[in-house]
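Visitor: I would like a close look at how the domains inside a chain sit against each other. Could you walk me through that part?

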Amino acid sequence: MKELASWALDTATQRGATYADVRVVDERGRALATKNGKIGNASDSRSQGFNVRLMVDGAWGFASSADLGRASVDATAVQAVAIAKASAKVKQKDVKLVPEKAVTAEWTTPHKIDPFSISIEQSLSLLQKIDAELRSVKGVTLAETNMNFRREELWFFSSEGANIHQTKFTTGAGYVAYSFAGSEIQKRSYPNSFGGQWQNKGYELIDELKLLENARRIGEEAVALHSAEQCPEGAFDIILESSQLGLQIHESVGHPIELDRVLGMEANFAGTSFLTLEKLRTLKYGSELVNVVADARQEHGPGLGTFAFDDEGVPAQCTPIISNGLFTGYLSSRETAALIGLERSGGTLRAESWNRLPIIRMTNISILPGEKPLSFEQLISSTDHGILFQTNRSWSIDDKRYNFQFGTEIGWEIKNGKRARMLKNPSYSGITTEFWNSMDAICSRDEWTLWGTPNCGKGQPQQVMGTGHGAAPARFRKVKVGSAYKGT
Amino acid sequence: MLKQDQAADIFSRIKKQSNADEVECLFYGGRSALTRFANNTIHQNVAEENYGVSVRTVFGGRTARATTNKFDEQSLKDVVKASEDLARVQEPDPDLLPVPDAAEGGRATQEIPSRHFAVTAALTPDQRAEAVGKIVSIAQRHKLTTAGIFSSAEGVEGLFNSRGLSNWHTQTSAEVSITMLAPDSSGWQKANSPNVANLDPKALAEIAAKKAVESASPREIAPGKYTVILEPAAVLDMTGFAFFDFGGLAILDQRSFLNNRIGPRLFGENISIRDDVAHPLQSGPSFDGEGVRRQKVQLVENGVVKRVVYARATAEKMRKSEYAGKVGPIEPTGHGFPIPNEMGEGPMNIVFESPRDPKTVDQMVSSTERGILVTRLWYIREVDPYEKILTGMTRDGTFLVENGKIVCGVLNFRFNQSLIEMLSKVEQMSTPVRTSGEESFDMVVPAMKVRDFNFTEVTKF
């Protein structure tokens, strides 16, 4: 790969590039799924290619190809130069990058079991057992299971001398039970909705998730929702279990702190952000208990945002985002860091694959657990009257990330410190900063889970990326509940 | 570009590598480029070329798929082995059909117009930059900042199977999307076409700029039920959520809002919708994921859901099901997704039929005593799958209309609205146009004036 990169970097610099980098990616994926006892999906994929990103006349060009031959590599570098020259025709000022030391490095996702070493029969057998268990519950009308593996090998070389080789493993699994009756479709998912739990791990994750052990309960809850009371409307104290809080962080912290959004670079599609530059270190984002970090380092855990280097060769870092409620940091790249006067990139530039330009992406955006010991049961027992929200069903937020509305699959009324009746169709809504300032309790480390969101979309052409979100159950006071069904 | 004869050669090499009862190959890929701008600057500018083959093997009721973007002998050998390894270990599925032969694939019942335009395929980075430069000039003339894209692509889709069926489709596409930003307002426009000559970036930029300027200093209006005038992009992104429920497997799975609702009137009498790949404003290939020709299907007629679309296997299953006789005609319609899949099928070439008395958006405004004009919707998600309640936000040009005139911009709303109710309360429609949004595939849809649209909250901008 080094030879390939040298061809491209030589061609680029000879043609006037003042900076260039080359990424080569070789990725393999496997998707297995069942649906009502039959195979829903059984597919493998392999994709290999490279790209050249470079700067000419202070403007960016990017070209990519699946053909790794010499002629293609040279032609792709020439194409990237031509594109950069076209970019330079419509610019206000030259792009500048903050410095970054070029390194030679090698890194692999820590994993115990290569998921591709596990027999297909073993994986399908587990999914079929779960599927059967879900369907054994009377009233379950549709059962779906999934298991997904990815191995991604990346090489990064730059005209500054970087030479980085990383190998990442991702594993994900989950299932969902649907129940259609009367005029309602209800569903329950495990361990999370929209694909389950995903981490940068090997097959060992599958065993840790206790998938089969929870299947019957999930099926029964899906059916029981038909008999549950409709979630009431009004202002309530609410508790979000950790996967829902993870998505709340993703939408109302993770996206607004992306510096490319803040600087208007995503205005046409993903939108901008309410976190304009003057709010850094002045905005009270949340209550004193709210501490959020963007942490891509291995020691944070096996999140989908864990790596050794980002896709422009910047080492993984931990950036404090919210510190005791104060807004303290953005997600940045070498270009955006320079634009706001930071000395160094936060290391968050990532691309979906070899044919996509790296853009700012969430790493692991996690709320830190409470320092005082607080179990989930203690959180419930300390709540007089409230609603517990479990497992996301719908999510929506405006394009500056102020107004949000979430629905979950199931809710529980909490009365006098005890989980009381089940509630169906629960939803809550609010304004981001008002919501985070209403947080008055968060469970401690034992209740903290690093969730994976495998399907975050951003960019044009759109790219899908996995992000990590560590969270523990937390309580928020006087939140607007139930408006999703108001007036409908 | 990958040519049909090259793909046929790759298919024959793949067949030689396989011991399966049947083999099917899907080819895809092409060349694409996208020039992206923001802050009146081209800040991202990309190009790619990539082709792939997806190999499906079948062993007596067992099937699986493997995909590669490498066509050398070893890669083809590997992809065949990967597909066969996944297929062989499965339990046989008695409902899995043989791959279709040429007769079952069917003949085109209507010719689709050419969707490949040399002028689009030949578009250069300099030409895109020149167009972006003009958009930026318009922004600067209005003292605005602009962001958006100008993209072009040339692609192929092909299918070959071991029973002799083959299909090949080439297409070009071009797209322009423009946001104009003022300090407290914004405007947006987007258009795409197989033929770049059909796009007018300057005209789109002028409209987006006008919206940004006219929605400045937005007023806060209380949420509630309003008459809304939804421009085509807003209609597209709302109604797009309906159509994956218009498949036979969605009915059989009991995950469709059409379960128990086919036959009686569901929407207003003025709503008629068909799937029509040959419509001159549509795009895409004339065959489905198994190579079966797409048929024109009347989905909704005068507010009544008449039928849904079918993949081959779904049609077989539906005929034997308790729903047969309650769901209209049952036959393969050429709308199946590549097998194996969990979704079955879906109509992908939606065309809303023209109203008897079409109105322009301006006419809708002038006939409105009090209402909200919506340019675009954003982040739409399904709140309730059976009542089809959707939530989302307005964005990039939301206006108060009073006494037949646009009065001012307003702070953006959150809505929670049943799509079924919305399509029951359409008072006026425009002539349908090819429309592109962000939440749905492109369709041919009208602007709509709808009463009692349910805004539940208001945001801060």
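Visitor: How far apart do the C-alpha centres of domain 1 of chain A and domain 2 of chain A lie?

Guide: Happy to help! Please keep in mind that this is a predicted model. In chain A, the C-alpha centres of domain 1 and domain 2 lie 21 Å apart. Domain 1 of chain A covers residues 2-227, and domain 2 of chain A covers 230-485. Where the two touch, domain 1 of chain A brings 45 residues to the contact and domain 2 of chain A brings 38 residues. Look at what domain 1 of chain A offers on the side that touches domain 2 of chain A: 18 residues are nonpolar, 16 are polar and 11 are charged.

Now let's set chain B beside this. Its domain 1 runs over 4-203, while domain 2 of chain B is made of two stretches, 214-239 and 355-458. Here the C-alpha centres of domain 1 of chain B and domain 2 of chain B lie 31 Å apart. The contact in chain B takes 12 residues from domain 1 and 13 residues from domain 2.

You can trace part of that contact to strands. On the side of domain 1 of chain B that touches domain 2 of chain B, β5 (166-182) and β6 (185-193) each supply at least two residues. β6 of chain B gives the most to this side, with 8 residues. By class, this side of domain 1 of chain B has 3 nonpolar, 6 polar and 3 charged residues.

Methods. Residues are numbered from 1 along each chain as its sequence is written. Chains are lettered from A and ligands numbered from 1 in the order in which they are written. This is a predicted model: local features need pLDDT of at least 70, side-chain atom pairs count only at pLDDT 80 or more; totals for chains, interfaces and linings use all residues. Domain bounds come from an automatic or database domain assignment. Two residues are in contact if their C-beta atoms, placed from the backbone, lie within 7 Å. Ala, Val, Leu, Ile, Met, Phe, Trp, Tyr, Cys and Pro count as nonpolar, Asp, Glu, Lys and Arg as charged, and the others, Gly among them, as polar. Helices (H or I, at least four residues) and strands (E, at least two) are DSSP runs, numbered from the N terminus.
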